[in-house]
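Could you walk me through this model in my viewer, one selection at a time? I would like to know what to pick next and what I will find there.

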Amino acid sequence: MEIIVAVSILSILAATLAMRAGGMIGKGKNARVIELASTFRTLCAAYHADVGAFPREYSASNANNRDLSTAQTAAGWSGPYLEAPLTHSQNPYNGQMHLYNSSTIQGLSGFDVDGDGTDDVTGAANVLYLSSVSTESATEIDSRLDPGVPGTWSTTGRVRYNTSNSRLYILVYY
Ligand SMILES: [Ca+2]
Ligand SMILES: [Ca+2]
């Protein structure tokens, strides 16, 4: 009897620990994305100060599309700003990842940063794009980067999310 109770308690403890570990792993991935957004904000600002334009860094692409990691002929370029080229493997959700230099990629209208219903950023800007992002992860990242922004969370602020194809867009520098 006592042994059965003890085993049951251990089972419950083990299950609880496993659930917590799972939650922490999920949070760790979201935290990594938030960290990446912060890092790219710094790198894009440095590139913009040197070159006077917004950089693009595409995963699995040629040198022309890797402004941050690969030597470019643009006047003022004094990188590399990024140690190694961006790769899809840096997407913690096993999807794709690119840094774009436009706020109207993939059919986006732009970004309504203050959430008043009108897009504030519609031209050249730096947007970090990730695919295969769950709604749960997207909402957590949004709550961290868009606190207090009015309107529908997935369409306003610096973080946009397309629920129909699980794509996340973070305006990192503009
Ligand atoms: Ca606005
Ligand atoms: Ca948002």
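Start by selecting β2, residues 97-100. Its side chains split in two directions: Met97 and Leu99 point one way, His98 and Tyr100 point the other, and all are buried. Keep in mind as you click that this is a predicted model.

Now bring in the strands beside β2. On one side of the pairing list is β1 (57-58), which pairs with β2 in the antiparallel sense over two bridges. Pick Tyr58 and you can look across to His98, its bridge partner in β2. Next add β3 (126-130). β2 and β3 also run antiparallel, joined by four bridges. Here Met97 stands opposite Leu130.

Leu130 is a good bridge to the next stop, the largest nonpolar core. Which residues have the most contacts inside this core? Select Phe40, Val127, Leu128, Leu130, Leu168, Ile170 and Val172; the core as a whole has 33 residues. At least two of its residues come from each of α1 (2-51), β2, β3, α2 (135-145), β4 (159-162) and β5 (167-173). Among these, α1 gives the most, with seven residues. In soluble globular proteins, nonpolar side chains tend to be buried together.

Stay in the core and centre the view on Leu168. Setting aside neighbours within four places in sequence, Leu168 is in contact with Leu130, Val133, Ala138, Ile141 and Tyr161.

Ala138 and Ile141 lead you to helix α2, where they are buried along with Ser137 and Asp142. Look down the axis of α2: the buried residues fall within an arc of 130°, so they line one face of the helix. An α-helix has 3.6 residues a turn, so residues three or four places apart point the same way. Turn to the face directed away from the buried side, and you will find the exposed residues Thr135 and Glu136.

Still in α2, select Ser143. Is Ser143 buried or partly exposed? Ser143 has 14 other C-beta atoms within 10 Å, so it counts as partly exposed. For a distance to draw, try Ser143 to Val159: they are 16 residues apart in sequence, and their C-alpha atoms are 9.2 Å apart in space.

Next, go to the loop between β1 and β2 and select Thr70. Thr70 is partly exposed, because 18 other C-beta atoms lie within 10 Å. Beyond residues up to four places away in sequence, Thr70 touches Ala63, Pro80 and Pro85. You can also draw a line from Thr70 to Ala84, which is 14 residues away in sequence and 8.2 Å away in space, C-alpha to C-alpha.

Pro80, in that loop between β1 and β2, deserves a click of its own. The peptide bond from Gly79 to Pro80 is cis, with omega near 5°.

Finish with two backbone torsions. Most residues other than glycine have a negative phi, and most peptide bonds are trans. Gln106, in the loop between β2 and β3, has a positive phi near 50°. With 12 other C-beta atoms within 10 Å, Gln106 is exposed. Then select Ser132, in the loop between β3 and α2. Its phi is positive too, at about 65°, although Ser132 is not a glycine. Ser132 counts as partly exposed, with 17 C-beta neighbours inside 10 Å.

Terms used
Residues numbered from 1 in each chain as written. Chains lettered and ligands numbered in written order. Predicted model: local features only at pLDDT ≥ 70, side-chain atom pairs only at ≥ 80, totals over all residues. Buried ≥ 20, exposed ≤ 12 C-beta atoms within 10 Å, placed from the backbone. Contact = placed C-beta atoms within 7 Å. Core = buried A, V, L, I, M, F, W, Y, C linked by C-beta atoms within 7 Å. Pairing = 2+ DSSP bridges. Arc of directions from axis to C-beta.
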